[in-house]
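Reader: Please take one part of this model and go through it closely. I would like the local detail first and the wider setting after it.

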Amino acid sequence: MAEQPRIVTALGKAELHRILVRGYDLNKELVGKISFTDMTSLILRGRLPTANEARMLDALLVILVEHGMVSHVIAARLIYHCAPEAMQAAVAAALCVMAR
């Protein structure tokens with residue numbers, strides 16, 4: 001049987017006594033010290049945001065939640081995220097959930 005390729009990521013690393021997220025110790029450097037907006041930027045962009053970037057990202061997250069946390073939107077987003085080549089399936093899922 002062929003050996004499975006090893007997956008390498010810069011997002012995080014679990015060690016025996018700590019968890020690293022983009023090189024930061026999760027418990028010592030992040031939890032309770034940065035905001036959700038900062039964490040989102042760290043995960044997506046690989047760095048903590050500047051003050052202006054954090055304000056903009058915070059506004060975008062508020063807008064996303066305002067219209068994005070309803071069942072048909074979530075269904076479409078999950079399907080599209082897992083299979084971006086199947087846009088029709090994502091649209092169909094949204095329509096099916098709305099019709100319930």
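Reader: Start with the small sheet. In S3, what is the bridge partner of Val-21?

Author: The bridge partner of Val-21 in S3 is Tyr-24. A word on the source first. This is a predicted model, where local features need pLDDT of at least 70, side-chain atom pairs count only at pLDDT 80 or more, and totals for chains, interfaces and linings use all residues. Residues are numbered from 1 along each chain as its sequence is written, and side-chain values use heavy atoms, with hydrogens and water left out.

Strand S2 covers residues 19-21. It is joined to S3 by 2 bridges, and the two strands run antiparallel. Strands here are DSSP runs of E with at least two residues, helices are runs of H or I with at least four, and both are numbered from the N terminus. Two strands pair if DSSP finds at least two bridges between them. The sheet is open and has 3 strands, in the order S1-S2-S3, with antiparallel pairing. Its edge strands are S1 (12-14) and S3 (24-25), and each pairs on one side only. In general, strands of a sheet pair through backbone hydrogen bonds, either parallel or antiparallel.

Now the whole chain. The protein has 5 helices and 3 strands. From the N terminus on, the elements run β-β-β-α-α-α-α-α. The radius of gyration is 18 Å, well over the 13 Å that the globule rule gives for 100 residues, so the protein is more spread out than a compact globule. That radius is taken over C-alpha atoms, and the rule is 2.2 Å times the number of residues to the power 0.38. The C-alpha atoms fill a box of roughly 50 × 45 × 20 Å, taken along the principal axes.

Burial comes next. Of the 100 residues, 21% count as buried. Buried means under 20% relative accessible area, with a 1.4 Å probe and protein chains only. Helix H2 (residues 36-45) has these buried residues: Thr-37, Asp-38, Thr-40, Ser-41 and Leu-42. Ser-41 counts as buried at 1% relative accessibility. Leaving aside neighbours within four places in sequence, Ser-41 is in contact (heavy atoms within 4.5 Å) with Gly-46, Arg-47, Leu-48, Pro-49 and Leu-57. Gly-46 sits just after H2 and takes a positive phi of about 85°.

One last chain-wide value concerns contacts. Among those between residues at least 6 apart in sequence, 12% join residues at least 24 apart.

Definitions and conventions:
Buried < 20%, exposed > 50% of the residue type's maximum accessible area, 1.4 Å probe, protein only.
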